[in-house]
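Subject: Handover of a structure for your review

Dear colleague,

Please find below a structure that I should like to pass to you. I would be grateful if you could read the notes beneath it with the coordinates open.

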Amino acid sequence: MKRFLGFWLALCMVIINQAQQKEVDLESFAEKMFQVQDIDVNYEDLYESLLLLYTHPINLNKATLADLESLFALTPTQIQGILNHRLLFGDFLSLYELQTIPGLDLETIQLILPFVRVGDDKIDGRPIWERLTSEPNNYLLLRNTTTLQRARGFRDQKYAGDRNHIYGRFRVSHSKDFSLGFTFEKDAGEQIAFRERQNGFDFYSYHLQVQNQGIFKNIVLGDYQIQYGQGLVLGSGFGAGKGAESVLTIRRSSTGVKPYTSILESGFFRGAASTVSHGNLTFTAFYSSLDQDANLVSDSTYSDFDEFINAIQETGLHRTPSELSARNQVNEGSWGMVITHQPIRNLNMGLTHLQTKFSNPIQRRPNNYNQFEFTGQNNEVSSFFANFNWRNFAFFSEFARSKSGGMAGVGGFVAALSDQIDMGMVYRNYDRDFHSFYSNAFAESSRAINESGIYWGLKIRPVRRLEFSLYYDRFKFPWLRFRTEAPSSGDEFLIRATWKPTKKVLIYAQVRQERDQISTLRTGENLSMLSNDVKRNYLFNLDYDLGSRLSFKTKVQFSSYELNETTSNGYALIQDLNYVFGPIKIGTRIAVFDTDNFENRQYVYERDVLYAFSIPAYNGTGTRQYLIIQYNATKKLKLWMRYSSFIHHCSESLGSGLNEIEGNRRSEFRIQTKISF
């Protein structure tokens, strides 16, 4: 009776059409949860991770602790509340039941709705090919992007191809059962050609995944990514790190093996992976053979190798003869395993091991700061990780060692201290000679190497509709870094206040400061010293929904940069207006910006076509505008068009080298169609 009354109470209180809100919520989730200002963030990977959750919603009746953690939106108390509700009352009958769980507010429920579902995961007994051909969840996505102004590489015919960036994706999938898909892409300046090492488009990605076949929990053929522990060894999935969400995103979740569908041409595995399960024990084995871009070098002045490479090239661009000559020159072979065990309900632990072999050795050009970088053909790295939940605390940790002897460790917790206060802490320590090519652990730098630090995050909700987020991170670099010719240290903090006085109004203000150290020359002397550089960012945002059709957003950003008692500044004023008219959605923006230098560039989130993600840097003095139109022609056909433009005042050209554009305007036109079968 209690369950019955709770269900109908929630049904009366929650009025939401999940099907109509999915696409809007996907974009809103990305903007709300990951408003970060760091150039090192991989936004393509970020959105791809959201897309995987969007196209494969988590079944609340089967969800594990790791599944719920991967949403990045639930506190430990909320996660435990969902698991306890299922334990006490059985499977969820409807998503409306979430309203009855203590600690789950309506805003959080609406945020996660596109990524969760309820129901049975009944496996269709038909052969896989019959299920693939009859699955209703499938689509073909086609996109073309063109920069309207011709860069010098096109004017002087230095680029082999035209200005069109072409992207396509096909996918058919059924949650917890199968997934089949492929992606193809060519960048602007690349050719569609048939020749050695190229068959048509410049890049292809493909996969076939089958799940829950007897003892085989997961089988993936083709391209895939793996994430276990805290990402010290296998972290090729998405990790948010520091940002406006100061607590929930600091830990990584063991999402296992996932198909890779991005157009980033490195950072993934290509081969086969399989996970078998027996009771509380799972075993994953994988093998990969991936050709990578690199320039072969023969230089006996600093290397004993006859032929070697300085580094893997990750741009994925093949436009010029030199870029084409580096295409797929080096093979990267990888193999490894993961063993996980859950001895009790609240404890999960595991071991990971990864071996990597390159067809040609790697030898960096020697300088002061890279003396401990990886050298050779073979690397091995292993780790132990553990996650433990106790009451409202979720503890996590991972410890790793690479072949060089370098060690790495990360550990911390997230906790709900009360209904109004959440807290998180992370400590990490990465040796200067720790080498892991697929790591994505929590760090100030883009890699888990040569760093130690401690991070505290806090979220406070003193009253309804008001929230404060803040963090403080202190870090050290025991060895030299690029532009820093001595061991250095720094710190960073963020404070953000969010107020939602009504359902139609959202206001937030934020301040962020980062202090670091770099080497600078003393005036009149040929001697460098460490100097503190301090960057501060200030942000104010107002969202106002005028009704079912019209809404607007106003944002102001300001930054300052201090180095050697010299201060520079930058700002951006942004105004958005969005309108919905029947099957047509229109979004517009006009922005004004003025920055003294590149250090004050303003990163600003922009709306884009579905499954695309845009956070360009506003730099210099000028204006930015875009217009995006979405037309839902039928249930199976959707169209998007987007025009965007930068106008830089007092500039006679934009860009440099082969990317230089004559004049002060850079405009881009994008068209996309999505066809469901």
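The notes that follow cover ring contacts, a surface patch with its strands, and salt bridges. Please bear in mind throughout that this is a predicted model.

Aromatic contacts

The count of aromatic pairs comes to 32. One of them joins F372 and W479 in an edge-to-face arrangement, with 5.1 Å from centre to centre and 90° between the planes. The two residues belong to distant parts of the chain, 107 residues apart. F372 sits in the loop between β16 (347-362) and β17 (376-390), while W479 sits in the loop between β22 (466-477) and β23 (488-502).

The two partners fall into separate burial classes. F372 has a relative accessible area of 26% and is therefore partly exposed, since the buried class requires a value under 20%. W479, at 19%, counts as buried. W479 has a further contact, in that the charged end of R432 sits over its ring at 5.0 Å from the centre.

F593 and F646 form another edge-to-face pair, at 5.9 Å centre to centre and with 85° between the planes. This pair also links distant parts of the chain: F593 is in strand β28 (residues 584-595) and F646 is in strand β32 (residues 637-648), 53 residues apart. Both F593 and F646 are buried.

Two other ring contacts deserve mention. Ring pairs connect F170, F182, F184, F201, Y204 and F677 into a cluster. In addition, R601 lies over the face of F598, at 4.1 Å from the ring centre.

A nonpolar patch and its strands

Y538, F540, V556, F558, Y571, L573 and V592 make a nonpolar surface patch of about 550 Å². The elements that contribute two or more residues to this patch are β25 (528-545), β26 (550-563) and β27 (566-581). Within the patch, Y538 is placed in strand β25. Why can Y538 belong to a surface patch? Patch membership calls for over 30% relative accessible area, and Y538 meets that condition because its value is 35%, which counts as partly exposed.

The three strands are also linked by pairing. β25 and β26 pair in the antiparallel sense over 13 bridges, and R536 stands opposite S560 in β26. The hairpin of β25 and β26 has four residues between the strands, and G547 there takes a positive phi near 155°. β26 is in turn joined to β27 by 14 bridges, again with the strands running antiparallel. Here Q557 stands opposite A572 in β27. The hairpin of β26 and β27 has two residues between the strands, and N564 in the turn has a positive phi of about 55°.

Salt bridges

Side chains of opposite charge can pair when their charged atoms come close. In this model the count comes to 29 salt bridges.

R327 forms one with D202, and the closest N and O atoms are 2.5 Å apart. This pair links distant parts of the chain, 125 residues apart, with R327 in the loop between α9 (321-325) and β15 (330-344) and D202 in the loop between β7 (198-200) and β8 (203-213). R327 counts as buried at 7% relative accessibility, and D202 is buried at 5%.

K242 forms a salt bridge with E492, the closest N and O atoms being 2.6 Å apart. K242 lies in the loop between β9 (216-227) and β10 (256-259) and E492 lies in strand β23, so the pair ties together parts that are 250 residues apart in sequence. K242 is buried, with a relative accessible area of 12%, and E492 is buried at 1%. Salt bridges with shared partners join K242, R428, E444, E451, D473, E492 and R512 into one network.

A further salt bridge is formed by E467 and R461, with the closest N and O atoms 4.0 Å apart. R461 is partly exposed, with a relative accessible area of 22%.

One point on the interior

L141 is found in strand β3 (residues 138-147) and is buried, with a relative accessible area of 0%. L141 and I339 are 198 residues apart in sequence, and their C-alpha atoms are 37 Å apart in space.

With kind regards

Key
Residues are numbered from 1 along each chain as its sequence is written. This is a predicted model: local features need pLDDT of at least 70, side-chain atom pairs count only at pLDDT 80 or more; totals for chains, interfaces and linings use all residues. Side-chain values use heavy atoms; hydrogens and water are left out. Rings of Phe, Tyr and Trp (its six-membered ring) pair if their centres lie within 6.5 Å; planes under 30 degrees apart count as stacked, over 60 as edge-to-face and the rest as tilted. Buried means under 20% relative accessible area, exposed over 50%, partly exposed in between (1.4 Å probe, protein chains only). A charge sits over a ring if NZ of Lys or CZ of Arg is within 6 Å of the ring centre and within 35 degrees of the ring normal. Patches are made of residues with over 30% relative accessible area and no salt bridge: like charges are joined within 9 Å, nonpolar side chains (Val, Leu, Ile, Met, Phe, Trp, Tyr) within 5 Å. Accessible areas come from the Shrake-Rupley method with a 1.4 Å probe; for residues, only the protein chains shown count as cover. A salt bridge is a side-chain nitrogen of Lys or Arg within 4 Å of a carboxyl oxygen of Asp or Glu. Two strands pair if DSSP finds at least two bridges between them.
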